[in-house]
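Reader: Please take a close look at one part of this structure, the strands and the way they pair. I would then like to see how that part relates to the buried interior and to the annotated positions.

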Amino acid sequence: MAFQPVLERIAEEIGRTPGRGRPADYIPALAARDPRAFGMAVAELDGTVYGVGDWREPFSAQSITKVFTLALDLAREGDELWEHVGREPSGNPFNSLVQLEYENGIPRNPFINAGALVVTDRLQTRTGDAAGELLRLLRAESGNPGLDFDLAVAASETAHGDRNAALGHFMASYGNIDNPVPVLLDQYFRQCSIAASCADLALAAAFLARHGIRADGTRLLTRSQAKQVNAVMLTCGTYDAAGDFAYRVGLPGKSGVGGGIIAVVPGRCALCVWSPGLDERGNSVAGVAALDRFTTLTGLSVF
């Protein structure tokens with residue numbers, strides 16, 4: 001299939017669309033982004049990449065990185081991970097404390113903040129540098145050795161990180177956090193601060209389209225584990241709008257409040273779209289619309 005004409009058609013349609021939402025305003029570096037910026041990339045299984053718009057422009061990956069941290073930890077400990085974090089949609093905001101108390105400190109899934117903190121904590125215990133391990137994976141899979149943390153974004157998140165600190169301490173009180181909470185938060189905020197482009201993230205996510213096989217041909221996840229990650233992305237990857245995303249797009253996806261969304265067509269390709277304007281649930285307005293059009297125009301979907 002020729003992806004480039006599809007991407008160009010989508011970009012043209014998105015460019016005519018009014019109302020792009022608003023950038024995240026609690027991190028100054030994100031708030032300053034133009035809500036009408038737009039980029040989209042598709043990476044095929046062999047590493048061929050197509051793109052349109054601002055597809056080479058780095059942006060703050062934020063919660064998109066949770067997918068890769070999950071894969072790294074799942075590769076190390078397997079099903080034991082699921083004793084510490086669930087696999088169900090939350091139905092609550094991504095930074096909610098509500099469910100943790102009556103579920104005894106076990107987060108509902110790995111993509112809400114509480115769940116991502118647990119996964120980062122467990123990867124930290126196994127590697128001693130969870131954020132560094134993540135960065136090495138992203139550099140290798142994207143083929144871009146220049147990927148790095150944005151320390152200004154990390155510092156901004158630290159300054160506004162009281163809710164995440166509360167989540168960490170609360171789960172620690174239930175014995176579900178191993179590392180000192182300040183160490184965990186430093187790892188987590190650096191993880192979320194990584195700046196990458198649509199091209200970088202589409203290439204990096206392609207191991208999920210290859211059923212767990214990395215760009216160099218080695219296996220990161222078993223085929224079953226890759227299926228698990230894709231399944232949790234489909235049901236939990238877009239905060240409390242996952243049902244609507246599955247209905248409209250029909251692909252495993254993971255969004256971030258930097259305006260990016262990755263999506264996977266198993267056996268075919270991986271995508272990343274970026275536009276900083278968000279809806280009330282924290283997902284890119286133009287990004288969701290673009291992925292909706294992609295699956296409509298190409299017929300590529302898991303359904």
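Author: Strand 1 (residues 39-44) and strand 2 (residues 49-53) run antiparallel and are joined by 5 bridges. Strands here are DSSP runs of E with at least two residues, helices are DSSP runs of H or I with at least four, and both are numbered from the N terminus. Two strands count as paired if DSSP finds at least two bridges between them. This is a predicted model, in which local features need pLDDT of at least 70 and side-chain atom pairs count only at pLDDT 80 or more, while totals for chains, interfaces and linings use all residues. Residues are numbered from 1 along each chain as its sequence is written, and side-chain values use heavy atoms, with hydrogens and water left out.

Within the first pair, G39 of strand 1 has G53 of strand 2 as its bridge partner. The two strands make a hairpin with 4 residues between them, where G47 takes a positive phi near 95°. Strand 1 is mostly covered, with 6 of its 6 residues buried; buried means under 20% relative accessible area, exposed over 50%, and partly exposed in between (1.4 Å probe, protein chains only). In a regular strand the side chains alternate between the two faces of the sheet. Here G39, A41 and A43 point one way, M40, V42 and E44 point the other way, and all are buried.

Strand 1 also pairs with strand 7, in the antiparallel sense and over 6 bridges. In this pairing A43 stands opposite A270 of strand 7.

Strand 7 (residues 269-274) leads on to strand 6, to which 6 bridges join it, again antiparallel. The bridge partner of I262 in strand 7 is C272. Strands 6 and 7 form a hairpin with 3 residues between them, and G267 in the turn has a positive phi of about 80°. Strand 6 (residues 260-265) is mostly covered as well, 6 of its 6 residues being buried. G260, I262 and V264 point one way from strand 6, whereas I261, A263 and V265 point the other way, and all are buried.

Strand 5 (residues 253-255) pairs with strand 6 in the antiparallel sense over 3 bridges. K254 of strand 5 stands opposite I262 in strand 6. This pair likewise forms a hairpin, with 4 residues between the strands and a positive phi of about 100° at G259 in the turn.

I262 recurs in the interior. The largest nonpolar core has 67 residues, and I262 is among those with the most contacts inside it, together with F68, L201, L208 and L221. Such a core is a set of buried Ala, Val, Leu, Ile, Met, Phe, Trp, Tyr and Cys residues joined through side-chain atoms within 4.5 Å. Helix 10 (residues 198-209) gives the most to this core, with 11 residues. L201 touches F59, A61, I64, F68, A196, I262 and C272, not counting residues up to four places away in sequence; contact means heavy atoms within 4.5 Å. Another core, of 24 residues, lies apart from the largest one and has V6, I14, V42 and L271 among its members. In soluble globular proteins, nonpolar side chains tend to be buried together.

The cysteines form no cross-links, as a search of the whole structure finds 0 disulfides, a disulfide being a pair of cysteine sulfur atoms within 2.5 Å. For C192, the nearest cysteine sulfur is that of C272, 15 Å away. C192 is buried, with a relative accessible area of 2%. For C236, the nearest cysteine sulfur is that of C192, 17 Å away. C236 also counts as buried, at 3% relative accessibility.

C192 leads to the annotated positions. E157 touches C192 along with I27, Q62, F189 and S193, not counting residues up to four places away in sequence. E157 is found in helix 7 (residues 151-159) and is buried, with a relative accessible area of 9%. An unreviewed UniProt entry places the feature "binding site" at S63, N113, E157, N164, Y188, Y239 and V257; UniProt positions are given in the numbering used here, feature names are shortened, and annotations may be inferred rather than shown by experiment. N164, in helix 8 (residues 162-173), counts as buried at 10% relative accessibility. N164 touches N113, L117, L185, Y188 and F189, not counting residues up to four places away in sequence.
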